[in-house]
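User: I've got a structure open here and want to talk through how its pieces fit together. Can you take my questions one at a time?

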Protein chains: 2
Amino acid sequence: MTRRIITRENVMRTELELETIRSNLIRQEETIIFSLIERSQFGRNEIIYRQGGIIIPGSEYSFMMHLLHETEKIHARVRRYTAPDEHPFTDGIPAPYLPARDDEWPIRKTDININSTILDTYISRIIPLICEKDDDGNYGSSAVNDIGALQALSKRIHYGKYVAESKYQKDPSGYEPLIKNNDKDGIMERLTDSAVERRLLDRVKLKASTYGQEPDAVNPTYKIRPEVIQEIYSDIIIPLTKEVEYLYLLERI
Amino acid sequence: MTRRIITRENVMRTELELETIRSNLIRQEETIIFSLIERSQFGRNEIIYRQGGIIIPGSEYSFMMHLLHETEKIHARVRRYTAPDEHPFTDGIPAPYLPARDDEWPIRKTDININSTILDTYISRIIPLICEKDDDGNYGSSAVNDIGALQALSKRIHYGKYVAESKYQKDPSGYEPLIKNNDKDGIMERLTDSAVERRLLDRVKLKASTYGQEPDAVNPTYKIRPEVIQEIYSDIIIPLTKEVEYLYLLERI
């Protein structure tokens with residue numbers, strides 16, 4: 001029996017092993033699917049995303065962004081955004097009062113944060129896909145569920161940094177010339193494993209079918225059609241994750 | 001085809017119809033099961049529940065309670081706790097800046113709030129049941145997931161007020177003498193429908209089996225054993241809901 005000696009270096013290496021990354025991504029699928037199903041029970045409530053739609057005294061934000069900003073301020077103080085896979089959506093968040101962890105990171109420190117794209121895409125494309133009702137007055141519940149969904153999506157998409165670091169370490173000589181020439185198409189092609197993506201999309205559809213309906217209903221109806229969840233993965237989550245992988249590689253060398 | 005005329009009185013009546021209550025309770029089951037599964041991926045992290053376990057500058061609270069209090073302050077300002085089925089866990093939360101809704105309530109206004117019992121039970125009984133690992137350092141994630149789970153449990157349990165009002169309205173002459181004599185056993189017996197409880201427990205177990213495992217795993221392992229979720233319902237959620245029903249009826253007449 002081989003015993004792995006636990007050193008910082010080994011922990012870092014383990015975090016970048018494809019098996020670890022794979023199981024992290026699979027785990028995050030449930031959080032994302034659960035949070036989209038939760039959000040889908042309320043109306044679109046477009047007013048909560050519109051600046052000035054609901055007046056918040058002393059704030060320029062829309063109702064949802066105000067709640068998100070206030071939530072991020074609380075989470076920032078307890079050190080959420082010092083973790084390498086956590087990224088805030090709003091500016092002006094305070095420093096942590098918990099002492100900083102001085103762990104070395106398994107990935108390079110970068111300023112890459114595509115949350116503004118994630119936010120726009122969420123409001124303009126995901127919400128209309130998952131919510132059937134229009135305005136049902138459940139503004140608070142909708143915004144609270146938006147925050148959970150946005151945080152889950154952001155974490156998953158920025159996890160692309162780990163994916164890219166892992167792929168790079170396995171194949172530095174393959175990536176280096178492409179990165180040096182800023183050959184985006186070449187990099188994207190090298191990052192893409194179509195068989196893995198196909199399996200992921202099949203798995204996501206199966207999970208969405210399992211979680212998205214009443215298991216004992218006589219005529220089961222889906223809360224969100226599995227195809228919609230699959231489409232959100234194929235058209236939004238996977239491409240944005242790869243965008244993060246690409247941006248990370250550009251800064252990697 | 002009969003058309004129901006939408007009046008305030010009809011809306012209130014609909015909210016108290018057993019069919020509406022049943023579908024609300026079923027919907028809340030998923031939120032509860034999802035949130036327990038989410039929390040179960042982290043360690044017990046007992047330190048986050050202990051006053052002084054993690055020092056929060058300027059706060060007497062434990063780490064988790066501090067986060068809960070800060071979250072409740074944000075939610076209070078957007079009017080969460082003016083809804084008849086929402087109850088805060090902490091004191092000293094601010095008034096809403098959204099104008100109060102002057103909807104009539106379908107239930108009586110009371111000060112019944114058993115959140116301190118829910119909180120104690122959650123920390124001392126539910127967390128040890130659902131979390132396998134001991135301390136894994138994921139304090140922020142654990143506390144954020146605790147807040148979601150606690151809010152879902154509190155909403156479900158205090159929904160007992162609706163259940164009690166509905167049952168009372170169907171059978172006032174059956175309940176009145178029991179309430180006047182403060183006959184707790186008699187009230188509890190009258191509130192109990194064993195067949196309904198059995199069906200609920202079967203359904204919860206089925207949902208926990210469906211949601212709590214990887215659907216495509218070769219050797220599926222449960223994130224939380226379905227029996228554990230069922231036990232949380234039978235030993236904690238149902239009795240606490242009935243406690244709310246009982247307290248409500250005492251104040252009802």
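User: How many salt bridges are there between chain A and chain B?
Analyst: Bear in mind that this is a predicted model. Side chains of opposite charge can pair when their charged atoms come close. Over all chains the structure holds 40 salt bridges. Between chain A and chain B, the count is two.

User: Which residue of chain B forms a salt bridge with Glu38(A)?
Analyst: The cut-off for a salt bridge is a nitrogen to oxygen distance within 4 Å. In this pair the closest N and O atoms are 3.1 Å apart, so the cut-off is met. The pair crosses between chains, from helix α2 of chain A to helix α2 (residues 18-40) of chain B. The partner of Glu38(A) is Arg27(B).

User: And what is the area buried between chain A and chain B?
Analyst: The size of an interface is often given as the accessible area lost when the parts come together. Here chain A puts 36 residues into the contact, and chain B puts in 36 residues. Carbon and sulfur atoms give 63% of the buried area. The total comes to about 3,200 Å².

User: Staying in chain A, are α2(A) and α9(A) parallel or oblique to each other?
Analyst: Helix α2 (residues 18-40) and helix α9 (residues 194-211) of chain A have axes that come within 10 Å and cross at roughly 40°. Angles under 35 degrees would count as roughly parallel, and 65 to 115 as roughly perpendicular. The crossing of α2(A) past α9(A) is right-handed. With that angle, the two helices are therefore oblique.

User: How many charged residues does the contact of α2(A) with α9(A) have?
Analyst: On the α2(A) side, the residues include Arg22(A), Glu29(A) and Glu30(A), along with Ile26(A) and Phe34(A). They meet α9(A) residues, among them Arg203(A), Lys207(A) and Tyr211(A). By class, the contact has eight nonpolar residues and no polar ones, and the charged count is five.

User: What is the angle between α5 and α10 in chain A?
Analyst: Helix α5 (residues 139-158) and helix α10 (residues 226-252) of chain A pack with their axes 8 Å apart. They are oblique to each other, which fits because the angle falls outside the parallel, antiparallel and perpendicular ranges. The angle is about 50°.

User: How many nonpolar residues are in the contact of α5(A) with α10(A)?
Analyst: From α5(A) come Leu153(A), Arg156(A), Ile157(A) and His158(A). From α10(A) come Tyr233(A), Ile237(A), Leu240(A), Thr241(A) and Val244(A). Two of these residues are polar and one is charged, and the nonpolar count is six.

User: How far apart are the axes of α5 and α10 in chain B?
Analyst: Helix α5 (residues 139-158) and helix α10 (residues 226-252) of chain B pack at an angle of about 50°. These two are therefore oblique to each other. Their axes are apart by 8 Å.

Definitions and conventions:
Residues numbered from 1 in each chain as written. Chains lettered and ligands numbered in written order. Predicted model: local features only at pLDDT ≥ 70, side-chain atom pairs only at ≥ 80, totals over all residues. Heavy atoms only, no water. Axes fitted to C-alpha atoms, helices over the stretch in contact; angles between N-to-C directions. Helix = DSSP H or I, 4+ residues; strand = E, 2+ residues; numbered from the N terminus. Parallel < 35°, antiparallel > 145°, perpendicular 65-115°, else oblique. Left-handed = near helix turned anticlockwise from the far one by under 90°. Contact = heavy atoms within 4.5 Å. Nonpolar A, V, L, I, M, F, W, Y, C, P; charged D, E, K, R; others polar. Buried area = accessible area lost by both parts, 1.4 Å probe. Salt bridge = Lys/Arg side-chain N within 4 Å of Asp/Glu carboxyl O.
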